[in-house]
Amino acid sequence: MENSLIPNQGNYRDLLSFKKTDVIFQMTYFFCHKFLCKGDRTIDQMIQAARSGKQNIIEGSSASSTSAKTEIKLLNVAKASLKELLADYEDYLVTRGFAQWQKGSNEYETMRNLGREHNDPAFFMTLIENRPADTIANMAIILLNQADYLLYRQLQRLSDDFVKNGGFSERMSALRRKNRGH
């Protein structure tokens with residue numbers, strides 16, 4: 001255990017989950033403003049769900065040095081917001097009679113690989129700028145599933161770390177015991 005009560009936990013910008021949700025947010029903003037009718041409440045709902053996914057990762061990461069509970073809770077909120085957004089994209093395809101790409105199809109596997117290899121919003125924004133709505137929705141669905149998996153793994157790791165090392169209260173107690181012993 002280190003001698004610092006409040007450890008420097010690193011930068012949320014280094015997290016793959018954050019990078020992926022930043023791509024999703026920018027893609028969703030573009031999608032909603034290009035393909036949904038002005039005044040449609042879905043625009044605000046989808047953009048807010050995408051934003052919530054990204055922002056809760058930032059907030060959770062920022063709280064991590066003093067509260068594992070808060071970090072885990074906020075990452076779970078991010079995960080839930082992204083699930084809501086996933087359903088919106090799936091609903092978009094269904095209500096307009098578009099097909100959702102299936103695992104094993106060329107489109108699905110190509111996008112899945114692109115999602116694994118790239119986390120740069122500029123890369124994806126260039127990729128989608130002239131694509132039809134159903135293609136972008138399918139691309140977003142794949143990225144959302146990847147973000148969900150990343151957040152699941154992140155939550156597992158945080159849970160394991162907490163069980164193994166304890167949290168802020170345990171660090172406080174250990175440092176107090178150590179300082180009394182000297």
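## A pocket and three helix pairs

The second largest pocket here has a volume of about 220 Å³. Keep in mind as you look around that this is a predicted model.

So what lines the second largest pocket? You'll find Lys103, Tyr108, Arg112, Arg116, Ile142, Asn145, Gln146, Tyr149 and Leu150 around it. Two elements each give two or more residues to that lining: helix 4 (106-117) and helix 6 (133-165). Helix 6 gives the most, with 5 residues. Sorted by class, the lining comes out as 4 nonpolar, 2 polar and 3 charged residues.

Now for the way some of the helices sit against each other. Two packed helices are described by the angle between their axes and the distance between the axes. Here are three pairs side by side.

| Helix pair | Angle | Axis distance |
|---|---|---|
| Helix 1 (residues 16-35) and helix 2 (residues 41-63) | about 165° | 9 Å |
| Helix 2 and helix 3 (residues 68-95) | about 165° | 8 Å |
| Helix 4 and helix 5 (residues 121-128) | about 155° | 10 Å |

Let's start with helix 1 and helix 2. Their angle is about 165°, and angles over 145 degrees count as roughly antiparallel, so that is how helix 1 and helix 2 run relative to each other. Their crossing is left-handed. On the helix 1 side, the residues in contact include Phe18, Ile24, Phe25, Tyr29 and Phe31, while helix 2 brings in Ile43, Met46, Ile47, Ile57 and Ile58, among others. Taken by class, this contact has 12 nonpolar, 5 polar and 3 charged residues.

Helix 2 also packs against helix 3, with the axes 8 Å apart. Helix 2 and helix 3 are roughly antiparallel to each other too, and helix 2 passes helix 3 in a left-handed crossing. Helix 2 contributes Met46, Ala49, Ala50, Gly53 and Ile57, among others, and helix 3 answers with residues including Leu74, Leu75, Val77, Leu82, Leu85 and Tyr89. The residues of this contact split into 12 nonpolar, 7 polar and 4 charged. If you've been following the names, Met46 turns up in the contact with helix 1 and again in the contact with helix 3. Ala50, Gly53 and Ile57 of helix 2 also meet helix 1 and take part in the contact with helix 3.

Which way do helix 4 and helix 5 cross, left-handed or right-handed? Their crossing is right-handed. The two helices are roughly antiparallel to each other, with an angle of about 155°. Met111, Leu114 and Gly115 in helix 4 touch Phe123, Phe124 and Leu127 in helix 5. By class, that contact has 5 nonpolar residues, 1 polar residue and no charged ones. Helix 4 also takes you back to where we began, as one of the elements giving two or more residues to the lining of the second largest pocket.

Methods
Residues are numbered from 1 along each chain as its sequence is written. This is a predicted model: local features need pLDDT of at least 70, side-chain atom pairs count only at pLDDT 80 or more; totals for chains, interfaces and linings use all residues. Side-chain values use heavy atoms; hydrogens and water are left out. Axes are lines fitted to C-alpha atoms, for helices over the stretch in contact, and angles run from 0 to 180 degrees between N-to-C directions. Helices (H or I, at least four residues) and strands (E, at least two) are DSSP runs, numbered from the N terminus. Angles under 35 degrees count as roughly parallel, over 145 as roughly antiparallel, 65 to 115 as roughly perpendicular and the rest as oblique. A crossing is left-handed if the near helix is turned anticlockwise from the far one by less than a right angle, and right-handed if clockwise. Contact means heavy atoms within 4.5 Å. Ala, Val, Leu, Ile, Met, Phe, Trp, Tyr, Cys and Pro count as nonpolar, Asp, Glu, Lys and Arg as charged, and the others, Gly among them, as polar. On a 1 Å grid over the protein atoms alone, a cavity is a set of points where a 1.4 Å probe fits but cannot get out, and a pocket is an open set with protein on both sides within 12 Å along at least five of seven lines; lining residues have an atom within 4 Å of a point. Grid points are joined across faces, edges and corners, and a volume is the space filled by probe spheres set on the points.
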